[in-house]
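Biologist: I am new to this structure and would like a close look at a single part of it, the place where the ligand sits. Please take me through the surroundings of the ligand with care.

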Amino acid sequence: MTDAPAHGFDTLQIHAGARPDPATGARQTPIYQTTAYVFRDADHAAALFNLQEVGFIYSRLTNPTVAVLQERIATLEGGVGAVCCSSGHAAQIMALFPLMMPGNNVVVSTRLYGGTVTQFTHTIKRFGWNAKFVDFDDLDAVKAACDDQTRAVFCEAIANPGGYITDLDAISAIADEAGVPLIVDNTSATPYLCRPIEHGATLVVHSTTKYLTGNGTVTGGCVVDSGKFDWSASDKFPSLSAPEPAYHGLKFHETFGALAFTFHGIAIGLRDLGMTMNPQAAHYTLMGTETLSLRMDRHVENAMKIAEWLENDPRVDYVTYAGLKSSPYNKRVEKICPRGAGGLFTFAVKGGYEACVKLVNSLEIFSHVANLGDTRSLIIHSASTTHRQLTEEQQIAAGAAPEVVRVSIGTENADDLIADLDQALAKATA
Ligand SMILES: *Cc1c(COP(=O)(O)O)cnc(C)c1O
């Protein structure tokens, strides 16, 4: 599938990156369960280690099963290359690592997955990096936050947990002006609903744990590069533009051009940080990607029906689904994610924190888990779980106030899900 971009999404999600196994003709991508690969001879080994030839050395860096998934996700996102890693959180570190030095900062949205808020608030400080949290609906504030130590701007396309939609075009224009890349976490939207690169994103990160795999089996992450950023336009990104001592002074951007970030991610990022995706995980995720569009259409259809039902229920205070006409983000659906606002939203239960806890305990089809993007419908009370480490102020800013629950609407029959919510709301608000 070398002429892949000519095909439609439904075709690419099955075929991109894959070809019958050259050794056996196996039609499904084999799980290459191996740590190492035999070199043809000593010269071949030397060329691989010098990055003069592309090939497989050791599965911490590259593996044929993982490589198929990398090519598939890059193709679906419209990028030039991708690096898979062990989780979505690993992908975020892998995206920032080539950009940031001690003292640098990343300007990030307040509306993020709770674990990302924690990672950016506390953990990245150990690397000497800093995150500046800003309301991304306030464009002047985003602009003002970018300073000469800023090396990236980071947001989610459809922000977890509230389902808020980011104006990616406006944010990417600010990043361009500041001369830094925009990194978009596209986990909740998936490339079927939103293609951030078409809205100016330089890098796209995923937790493949969620919709891309789609069945709640494995954790994984991915960093996709648009190939469009000029890393040599300033001296801000020496990891990509300046000589690399660990490869005899090779300059990644000069040598690999549009693929500089991807090569750096493998040759430095995976080599030295070791956050590698294993081939079994890649296999499960490849299986998931084959049905991505079919599942996302159903997730969106169900989410819309259920959000409308909840909005009209007197036991519910408000629903944040951007697909609803009442949402302030509804006007962005057409522009950012025209196929729908995803399957994720929050709603506030009358009765607050206690009623939320009772609701979660009373549901029968919905599972109470810290995950999203499964075929199964899932629910979580963010304030007492995923967003527990946050202050109440941060919880509210992130859309995880104490009186709201987050749902990840699955692909079951919508009527069954509504009936389940109906009986649980009755118990929660009795
Ligand atoms: C789950 C999630 C992450 C973290 O991914 P893991 O695979 O759990 O490490 C990051 N961003 C978003 C939007 C997520 O939903």
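Modeller: A polar side-chain atom of Lys-210 lies 2.7 Å from an oxygen atom of the ligand, which is a polar contact in the sense used here, a pair of N or O atoms within 3.5 Å. Taken alone, the ligand exposes 380 Å², and the protein buries 92% of that, with accessible areas coming from the Shrake-Rupley method with a 1.4 Å probe. The model is a predicted one, in which local features need pLDDT of at least 70 and side-chain atom pairs count only at pLDDT 80 or more, while totals for chains, interfaces and linings use all residues. Residues are numbered from 1 along each chain as its sequence is written, and side-chain values use heavy atoms, with hydrogens and water left out.

Two further contacts involve other residues: an N or O atom in the side chain of Asp-185 is 2.7 Å from a nitrogen atom of the ligand, whereas Gly-88 places a backbone N or O atom 2.8 Å from an oxygen atom of the ligand. Around the ligand there are 15 residues in total, and the closest are Gly-88, Asp-185, Ser-207, Thr-209 and Lys-210, where a residue counts as near if one of its heavy atoms lies within 4 Å. This shell divides into two nonpolar, ten polar and three charged residues, with Gly counted among the polar ones and Asp and Lys among the charged. Helix H4, residues 88-96, gives the most to the shell, with three residues, helices being DSSP runs (H or I) of at least four residues, numbered from the N terminus.

Definitions and conventions
A polar contact is a pair of N or O atoms within 3.5 Å; within protein, one must be able to donate a hydrogen and the other to accept it, and residues adjacent in sequence count only if both atoms are side-chain atoms. Helices (H or I, at least four residues) and strands (E, at least two) are DSSP runs, numbered from the N terminus.
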